[in-house]
Amino acid sequence: MKIIFLGTGGGRFSSINQRRMTGGFRIDNLGGKNYHVDPGPGALVRTYQFGLDPRNVDGVFVSHSHTDHYNDAEIIIEAMTNGMTQNYGHIIGSKSVLSGFEEWGPCISSYHQSRSKVLEVEKGDIRYFDNCLIKATPTNHADPKGVGFQIEYKDFKISYTSDTAYFPELAKAHDGADILIASVLRPGNKSIRGHLCSSGFIRLIKEIKPRLAIMTHLGLKMISNNPIGEAKRITKLTGVKTLAAFDGMSLDINYNNPAKARIVSLKDVDAPYHGSNSNLSNFERRNVNKLADKHGENDELSLIRRNSF
Ligand SMILES: [Zn+2]
């Protein structure tokens, strides 16, 4: 199993200026399936940039109705369903994301929800999907229906707090996590409403005692204050191996010993013919239609052509 970070920035300002990317993360090969969690702005482009394929996603998770978590959800769903031509995959999200609640959401249109199995979850809900169990965990955040997720596969638990302030029940909800992924906006004890700073994260780690802790969704103050040094400090204080995620970080997880995860920095790859890219070779330029056919990428024109014969 791999956890791949397609973005590690978070919060409005970190997202707007893209000091860090904001494509969320993927959990790949969890029981043979790939999931994209909180595909924020740029998720589609980052997927290609780091050499992955959005068409092999089996499920999309969206925790709450903030742009840095949902922005690219619909286009990833289109990739998952082969351009909305096939019934496929799961969409798992909060009530605000899927149905809308007060001024929040919905963030995914009913059209985009029409081809997949949709699981709308509220805090405390436990559901089965594919070979996994998912628990929606509570949050204390601006979106009152926002949730985190704990995904369990064969007794192995990956917990994601999403955006939330610290509160005592949070640790209980993420109890038993082997890997804890948290949105940690600020370093030290400079907390900001509805978010974790390092000291809240430290409390949480001490209570949950995961085997590996990862902080992501880093705000500008964290990004500018040596997040790797902050993660080392947290490791020392808690005794739990803690990593500061970086854009393009891929972790090869060994279920028996997640603390020994192999860290790979994914190369920024060219995505030929997937962008207006000056490196597009002449061969690809000439053969773009053939290549598209080979990969089953039908544009509107070829569909019309096919339908009219
Ligand atoms: Zn948020």
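Which residues have the most contacts inside the largest nonpolar core? In this predicted model, they are V60, I76, V184, F201 and M215, in a core of 71 residues. Strand 11 supplies the largest share of this core, six residues. As a general point, nonpolar side chains in soluble globular proteins tend to be buried together.

I will take F201 as the way in. F201 is one of the buried residues of helix 7, which spans residues 198-208. The other buried residues of helix 7 are S198, G200, I202, L204, I205 and I208. What do these buried residues pack against? The list is helix 6 (168-173), strand 11 (179-186), strand 12 (196-197), strand 13 (212-216), helix 9 (227-238) and strand 14 (242-244). For F201 itself, leaving aside neighbours within four places in sequence, the contacts are A182, V184, L196, M215 and I234. V184 and M215 were also named among the core residues with the most contacts.

Now helix 9. Helix 7 and helix 9 pack at an angle of about 35 degrees, and their axes are 10 Å apart. The crossing is right-handed. On the helix 7 side, the residues are S198, F201, I202, I205 and K206, and they meet E230, I234, L237 and T238 in helix 9. By type, that contact divides into five nonpolar, two polar and two charged residues. Just after helix 7 comes K209, with a positive phi near 50 degrees.

Next, the sheet. Eight strands make an open sheet with mixed pairing, in the order 6-5-4-3-2-1-15-16. Its edges are strand 6 (117-121) and strand 16 (262-265), each pairing on one side only. From one strand to the next, the twist averages 15 degrees. Inside the sheet, strand 2 (residues 22-30) and strand 3 (residues 33-37) are antiparallel to each other, paired over four bridges. There, L30 stands opposite K33. Helix 4, residues 73-80, lies across strand 3, strand 4 (59-62) and strand 5 (90-94), and runs at about 165 degrees to strand 4.

Outside that sheet order, have a look at I134, in strand 8 (residues 132-138). Is I134 buried or exposed? I134 is buried, because 23 other C-beta atoms lie within 10 Å, and the cut-off for buried is 20 or more. Its contacts beyond four places in sequence are I92, R127, F129, F149 and I151. The C-alpha atoms of I134 and Q150 are 5.7 Å apart, although the two residues are 16 apart along the chain.

Last, some backbone details to check on the screen. Most residues other than glycine have a negative phi, and most peptide bonds are trans. The bond joining G105 and P106 is cis, with omega about -5 degrees. P106 is in the loop between helix 5 (95-98) and strand 6.

Two loop residues have positive phi. D155 has a phi near 70 degrees and lies in the loop between strand 9 (147-153) and strand 10 (156-160). H217 has a phi of about 55 degrees and lies in the loop between strand 13 and helix 8 (220-223). Which of them is buried, and which exposed? D155 counts as exposed because it has 8 C-beta neighbours inside 10 Å. H217 counts as buried because it has 32 such neighbours inside 10 Å.

Definitions and conventions
Residues are numbered from 1 along each chain as its sequence is written. This is a predicted model: local features need pLDDT of at least 70, side-chain atom pairs count only at pLDDT 80 or more; totals for chains, interfaces and linings use all residues. Two strands pair if DSSP finds at least two bridges between them. Axes are lines fitted to C-alpha atoms, for helices over the stretch in contact, and angles run from 0 to 180 degrees between N-to-C directions. Two residues are in contact if their C-beta atoms, placed from the backbone, lie within 7 Å. A residue is buried if 20 or more other C-beta atoms lie within 10 Å of its own, exposed if 12 or fewer, and partly exposed in between; C-beta atoms are placed from the backbone. A nonpolar core is a set of buried Ala, Val, Leu, Ile, Met, Phe, Trp, Tyr and Cys residues joined through C-beta atoms within 7 Å. A crossing is left-handed if the near helix is turned anticlockwise from the far one by less than a right angle, and right-handed if clockwise. Ala, Val, Leu, Ile, Met, Phe, Trp, Tyr, Cys and Pro count as nonpolar, Asp, Glu, Lys and Arg as charged, and the others, Gly among them, as polar.
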